[in-house]
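Reader: I should like to go through the charged pairs and the nonpolar surface of this protein. Could the discussion proceed by question and answer?

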Amino acid sequence: EVDQTPIGKTPRSCLATYIGFWDVIRKLFADTLESKARGYLANRFSFNTGDGRCPACEGQGMRTVAMSFLPDVKVPCEVCAGARFNPETLAVRWRGKSVGDILQMEVDEALDFFVNMPTISHALKLLQDVGLGYLELGQASPTLSGGEAQRLKLVTELAKVRDDVTRRGQKVPHTLYVLDEPTVGLHMADVQKIIAVLHRLV
């Protein structure tokens with residue numbers, strides 16, 4: 001069931017981790033010559049745990065400022081400038097970009113950057129198809145609107161379809177999708193995009 005329950009209740013959840021290609025990106029950075037020389041493994045490029053994340057904001061990229069009488073305000077971390085990682089980790093480059101640069105890329109830009117990597121570009125293309133090309137890969141899941149969250153869930157399901165197709169030789173169970181008002185709150189142009197994506201899913 002793809003319903004309207006909120007996604008990623010923790011601020012650590014982001015677009016790249018929710019869809020699932022962040023692990024692939026971490027491995028790409030871990031496989032660079034610079035990482036191997038420094039003894040860095042894939043866990044170094046996780047902003048959730050480990051030695052690679054910024055110690056000041058603990059990998060969140062933001063700091064919460066209590067405003068007493070007003071709601072709390074989130075501001076970029078002054079130590080890492082929102083990049084989530086410490087300087088040693090950010091020094092490692094893959095195709096000229098640091099792991100922090102990748103998180104700050106919009107989907108449209110990232111699609112061009114990862115065009116030769118089907119495991120990543122397939123999900124990015126789906127995000128673009130449902131009209132989410134403007135989102136950053138590191139955008140926190142709780143900051144997404146209801147409509148954006150709905151489309152993100154659809155992309156996650158569409159990405160699974162590709163996995164099923166690649167296992168064509170094996171018997172794959174059929175899937176029933178129950179969508180609970182998937183177009184609520186969407187502009188008519190976005191509704192058309194959703195309908196097109198649903199037809200692809202069928």
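Author: The questions below concern salt bridges and a surface patch in what is a predicted model.

Reader: How many salt bridges does the structure hold?

Author: A pair counts when a side-chain nitrogen of Lys or Arg lies within 4 Å of a carboxyl oxygen of Asp or Glu. By that criterion, the number of salt bridges in the structure is eight.

Reader: Which residue forms a salt bridge with the side chain of Arg26?

Author: The partner belongs to helix 2 (residues 22-30), as does Arg26, and the two are three residues apart, about one helical turn. The closest approach in this salt bridge is 2.9 Å, N to O. The residue that meets Arg26 is Asp23.

Reader: Is Arg26 buried or exposed?

Author: A residue is buried when its relative accessible area is under 20%, and exposed when that area is over 50%. Its partner Asp23, at 51%, is exposed. Arg26 has a relative accessibility of 16% and therefore counts as buried.

Reader: How far apart are the closest N and O atoms of Glu34 and Arg38?

Author: Glu34 and Arg38 are four residues apart in helix 3 (residues 33-38), a separation of about one helical turn. Glu34 is partly exposed at 30% relative accessibility, and Arg38 is partly exposed at 37%. Their side chains form a salt bridge in which the closest N and O atoms are separated by 3.2 Å.

Reader: Where do Asp129 and Lys125 lie?

Author: These two residues form a salt bridge, with 3.0 Å between the closest N and O atoms. Asp129 is partly exposed, its relative accessible area being 22%, and Lys125 is partly exposed at 39%. They are four residues apart, or about one helical turn, within helix 7 (residues 118-129).

Reader: What accessible area do Met67, Phe69, Leu70 and Val73 have together?

Author: A residue enters a patch if it has over 30% relative accessible area and no salt bridge, and nonpolar side chains are joined within 5 Å. Met67, Phe69, Leu70 and Val73 make up one such nonpolar patch on the surface. Together, their accessible area is about 450 Å².

Reader: What is the relative accessible area of Phe69, and where is this residue found?

Author: Phe69 is a member of the nonpolar patch. Its place is the loop between strand 1 (62-67) and strand 2 (70-76). Phe69 is classed as exposed because the cut-off is over 50%, and its relative accessible area is 85%.

Technical notes. Residues numbered from 1 in each chain as written. Predicted model: local features only at pLDDT ≥ 70, side-chain atom pairs only at ≥ 80, totals over all residues. Heavy atoms only, no water. Buried < 20%, exposed > 50% of the residue type's maximum accessible area, 1.4 Å probe, protein only. Patch = residues over 30% accessible without salt bridge, like charges linked within 9 Å, V, L, I, M, F, W, Y side chains within 5 Å. Areas by Shrake-Rupley, 256 points an atom, 1.4 Å probe, with all protein chains shown as cover.
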